[in-house]
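Here is a short report on a predicted model, written for someone who likes to know the cut-offs. Have a look at the structure, then read on.

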Amino acid sequence: MRLLLLICLFTCIGVKLHAQDTIRKKRVLEIKPAIGATGSPIKPTVSVMVLHPLNLRFSAVSHSMISFLLFANNSEQYIKTHYNYSLSQKLGIGYSLYGKKGKSRHTLLALGGIRHVAFKETLNHPDLDEVSISTHSTVADYGLMYELSVGKKRYTFDTRLYLPFSPIQYYPQGTLTNLIYLEVGIGIRLYK
């Protein structure tokens, strides 16, 4: 009888410890859609960041973004923009610091990936011949992103600022005038 009682006791303790381990191992995946702006002239951006925490401080991230130019016809300079867009995909790692009671999180992310840029413009001046120019190029895209998340439960309010270090030949003035991204969005925590 004592042996049966000891077996039941150890089984209950083992089940309880296993249950606590599975609760601790439950990972959170955060999906963070956002809208923003970049460049001069200002181009709107739409982005999605997926964040997977590795532990309390470090996380792995993926950031996808598209930016496009709207209403680009400049009748004073006789320039018509047919299209002007940029696609970007970056991967990286981040380090987080938490505010009081865990309601805010400051994250610094190191990101790297590729960016595809394309545009086509036409000069249509009455005194000149019509001239069109277009380009498509894929370049490296790497830099630092700062993110502020406010909220403790399933939903958060997020703001992000991305400072790219590429293209390096125009750094820092070209980066500061044309390539800084500012984004505002929400974060949604998903449980596996």
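## A salt-bridge network

R160 and E147 form a salt bridge, with their closest N and O atoms 3.5 Å apart (a salt bridge here is a side-chain nitrogen of Lys or Arg within 4 Å of a carboxyl oxygen of Asp or Glu). R160 lies in strand β7 and E147 in strand β6, so this pair ties together parts that are 13 residues apart in sequence. Both R160 and E147 are buried, where buried means under 20% relative accessible area, exposed means over 50% and partly exposed is in between, using a 1.4 Å probe and protein chains only. Salt bridges with shared partners link E30, K32, R105, E147, D158, R160, E183 and R189 into one network.

E147 also meets K32 in a salt bridge, at 3.2 Å from N to O. With K32 in strand β1 and E147 in strand β6, the pair ties together parts 115 residues apart in sequence, so this one reaches along the chain. K32 is buried, as is E147. Then there's R189 with E30, whose closest N and O atoms are 3.7 Å apart. R189 sits in strand β8 (residues 181-191) and E30 in strand β1 (residues 28-38), so parts 159 residues apart in sequence are tied together by the pair. R189 and E30 are both buried too. The structure holds nine salt bridges.

## Ground rules

Residue numbers start from 1 along each chain as its sequence is written. This being a predicted model, local features need pLDDT of at least 70 and side-chain atom pairs count only at pLDDT 80 or more, while totals for chains, interfaces and linings use all residues; side-chain values use heavy atoms, with hydrogens and water left out.

## The overall fold

The protein has two helices and eight strands, taken as DSSP runs numbered from the N terminus (helices are H or I, at least four residues; strands are E, at least two). Along the sequence the pattern reads α-β-β-β-β-β-β-β-α-β. How do the eight strands close up, and in what order? They make a barrel, in the order β1-β2-β3-β4-β5-β6-β7-β8, with antiparallel pairing. Neighbouring strands of this sheet are turned by 25° against each other on average, direction ignored (axes are lines fitted to C-alpha atoms, for helices over the stretch in contact, and angles run from 0 to 180 degrees between N-to-C directions).

On the bulk numbers, buried residues make up 26% of the 192 residues. The accessible surface comes to about 12,600 Å², 67% of it belonging to carbon and sulfur atoms; areas are from the Shrake-Rupley method with a 1.4 Å probe, and for residues only the protein chains shown count as cover. Of the contacts with a separation of 6 or more, 56% are between residues 24 or more positions apart, a contact being heavy atoms within 4.5 Å.

## Strand β3 and its neighbours

Strand β2 (residues 43-53) runs antiparallel to β3 and is joined to it by nine bridges; two strands pair if DSSP finds at least two bridges between them. A hairpin of four residues connects β2 to β3. On the other pairing, β3 and β4 are antiparallel over 11 bridges. S62 in β3 stands opposite V50 and also opposite L91 in β4.

Which side chains of β3 are buried? S59, V61, H63, M65 and S67 point to one face and are buried, while F58, A60, S62, S64, I66 and F68 point to the other and are not.

## A nonpolar patch

F58, in strand β3 (residues 58-68), counts as partly exposed because its relative accessibility is 37%. Together with L54, I93, Y95 and L97, F58 makes a nonpolar surface patch of about 450 Å². Patches use residues with over 30% relative accessible area and no salt bridge, joining like charges within 9 Å and nonpolar side chains (Val, Leu, Ile, Met, Phe, Trp, Tyr) within 5 Å. Strand β4 (residues 79-98) gives the most to this patch, with three residues.

## Around β5, β6 and G151

Strands β5 (residues 104-123) and β6 (residues 131-150) run antiparallel and are joined by 20 bridges. One bridge partnership there is A118 with H136 in β6.

G151 is in the loop between β6 and β7 (155-164). Setting aside neighbours within four places in sequence, G151 is in contact with G102, K103, T156 and R189. G151 and G102 are 49 residues apart in sequence, yet 8.1 Å apart in space, C-alpha to C-alpha.
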